[in-house]
Amino acid sequence: MTSVWDDVVGQEPAVEVLRHAIEDPAAMTHAWLLTGPPGSGRSNAARAFAAALQCASGGCGVCHDCTTTLRGLHPDVTVVATEGVFIRAETARPLVELAQRSPSQGRHRVIIIEDADRLNDTSGNSLLKAIEEPAGRTVWILCAPSPQDVLVTIRSRSRSVALRVPPVDAVAALLVSRDGIDPTVAAIAARAAQSHVGIARRLARDPDARARRSAVLGIAAKIRGVGDAVLAAGELVETAQADAKAATEQRDAEEKAALLRSMGAEGATTLPPTLRTQVRQLEEDQKRRATRAQRDVLDRAMVDLLSLYRDVLVVQLGAGVELVNIEHEASVRALAEASTPEQTLRRMDAVGQARTRLAGNVAPLLAVEAMAVALRPQG
């Protein structure tokens with residue numbers, strides 16, 4: 001690695017803006033808003049920018065400031081990433097005081113909020129003054145899918161830099177050079193992930209992840225009637241719950257054990273009321289995290305289904321573009337022959353509506369069942 005920007009693939013215009021701000025104080029500002037679709041590398045770009053701000057050479061990638069920032073260990077770089085549906089006020093308020101402190105050893109105090117779109121009115125307003133008038137060497141870096149996803153009061157006080165979906169070839173090349181993935185596997189994974197670097201890496205390295213994705217894509221061919229749709233929806237939600245549980249169960253147990261140990265109550269069969277309150281709060285936080293994890297898994301499954309129907313539409317319209325799911329070409333062509341472009345578009349609308357309902361806190365099973373019923377063949 002010769003630069004902190006090496007892992008920020010396919011974002012040359014955005015990187016140029018951020019580099020110029022580091023080199024020219026007149027181009028620098030106290031608050032930045034990095035926006036781009038999922039997988040565009042917002043978090044990677046934010047960490048690279050933070051490292052470059054700390055580095056005496058503007059982001060060499062090898063010095064102590066660069067390496068500790070990229071690994072999440074720099075004392076003057078704080079990263080906030082919520083695992084709940086929203087960033088709560090009790091998470092945001094300590095950042096106000098932190099933003100007023102001078103850096104302890106770095107050139108700047110940098111506060112990165114990876115999910116600025118999850119700030120609600122309460123937490124967002126608590127940060128407003130700190131973002132508007134930070135200390136002289138404090139820099140805020142906010143990340144969100146689009147400027148419209150961020151509270152307008154915060155958006156208006158930040159300089160926006162847009163990231164784009166990186167090219168598939170660039171993501172595949174990164175998997176080969178950084179992770180040693182076979183070029184063929186890397187290309188398939190990058191295309192299937194639709195250039196989402198993190199998902200591409202997981203698909204390339206984890207056969208189980210590829211199998212789960214194939215199972216999701218298989219839903220489209222399995223649904224022949226309402227009964228099939230209800231069964232498929234139940235399986236999809238159960239799989240999402242299992243994935244979320246697997247991802248959080250061990251961590252939940254470790255967090256609870258650490259809390260009990262810190263309170264001197266490890267191994268206790270009963271807890272006094274004051275300690276029970278803290279344990280209950282932890283369990284509520286863990287439940288919110290599991291809820292978000294389940295929704296994220298379901299949303300990704302729906303994105304995968306959308307990519308399948310996109311391929312079906314490509315075949316139906318005879319468009320000369322490459323399929324996203326090239327390894328599922330036979331299934332794509334079978335679906336294309338058995339339906340019309342209008343039906344495919346209606347199915348894509350149904351998937352999109354299910355994503356909207358999930359984001360609006362509709363019960364996952366109800367949202368997925370309604371979607372699955374709309375995917376069945378209709379004369």
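In this predicted model, the buried residues of helix α8 (183-192) pack against α7 (168-179), α9, α10 (207-222) and α12 (273-317). The residues of α8 that are buried in this way are A186, A189, A190, R191 and A192. Their spacing can be read alongside a simple rule of helix geometry: an α-helix has 3.6 residues a turn, so residues three or four places apart point the same way.

Both ends of α8 have details that are easy to find on the structure. At the N-terminal end, D182 acts as a cap, with a side-chain oxygen placed 3.0 Å from the backbone nitrogen of T184. Just after the helix, Q194 takes a positive phi of about 55°, and Q194 is not a glycine. Most residues other than glycine have a negative phi. A second positive value turns up at S195, where phi is near 70°. Q194 belongs to the loop that runs between α8 and α9 (197-205), and S195 is also placed in the loop between these helices. Are these two residues buried or exposed? Q194 counts as partly exposed because its relative accessibility is 33%, whereas S195 is buried, with a relative accessible area of 4%.

Another part of the chain worth a look is the surroundings of helix α4 (residues 89-99), whose buried residues are A89, A92, L95, L98 and A99. Elements that cover them include the strands β2 (77-80), β3 (109-113) and β4 (138-144), together with helix α5. One residue of α5 (residues 121-132) is S123, and S123 counts as buried because its relative accessibility is 0%. What does S123 touch beyond the residues up to four places away in sequence? The partners are I87, R88, A89 and A92. Of these, A89 and A92 also appear among the buried residues of α4. With I87 there is a polar link as well: the side chain of S123 reaches the backbone oxygen of I87 at 2.8 Å.

Helix α2 (residues 42-54) offers a further buried position, A51. The relative accessible area of A51 is 0%, so this alanine is buried. Setting aside neighbours within four places in sequence, A51 is in contact with V4, C66, T69 and L70. For a sense of scale, the C-alpha atoms of A51 and L271 are separated by 44 Å, and these two residues lie 220 residues apart along the chain.

Stepping back to the whole protein chain, the fold is built with 15 helices and five strands. The C-alpha trace spans about 65 × 60 × 40 Å along its principal axes. How does the radius of gyration fit the chain length, and what value would a compact globule have? For 379 residues, a compact globule would have a radius of gyration near 21 Å, so the 23 Å of the protein chain agrees with that expectation.

Buried residues account for 45% of the 379 residues. Among contacts between residues at least 6 apart in sequence, 72% join residues at least 24 apart. On the outside, the protein chain exposes about 18,400 Å², and carbon and sulfur atoms supply 53% of this area. Finally, the protein chain carries 45 positive and 46 negative charges, and the mean positions of the two sets are 3 Å apart.

Definitions and conventions:
Residues are numbered from 1 along each chain as its sequence is written. This is a predicted model: local features need pLDDT of at least 70, side-chain atom pairs count only at pLDDT 80 or more; totals for chains, interfaces and linings use all residues. Side-chain values use heavy atoms; hydrogens and water are left out. Helices (H or I, at least four residues) and strands (E, at least two) are DSSP runs, numbered from the N terminus. The radius of gyration is taken over C-alpha atoms; the globule rule is 2.2 Å times the number of residues to the power 0.38. Buried means under 20% relative accessible area, exposed over 50%, partly exposed in between (1.4 Å probe, protein chains only). Contact means heavy atoms within 4.5 Å. Accessible areas come from the Shrake-Rupley method with a 1.4 Å probe; for residues, only the protein chains shown count as cover. Lys and Arg count as positive and Asp and Glu as negative; His and the chain ends are not counted. The place of a charge is taken as NZ of Lys, CZ of Arg, CG of Asp or CD of Glu. A polar contact is a pair of N or O atoms within 3.5 Å; within protein, one must be able to donate a hydrogen and the other to accept it, and residues adjacent in sequence count only if both atoms are side-chain atoms.
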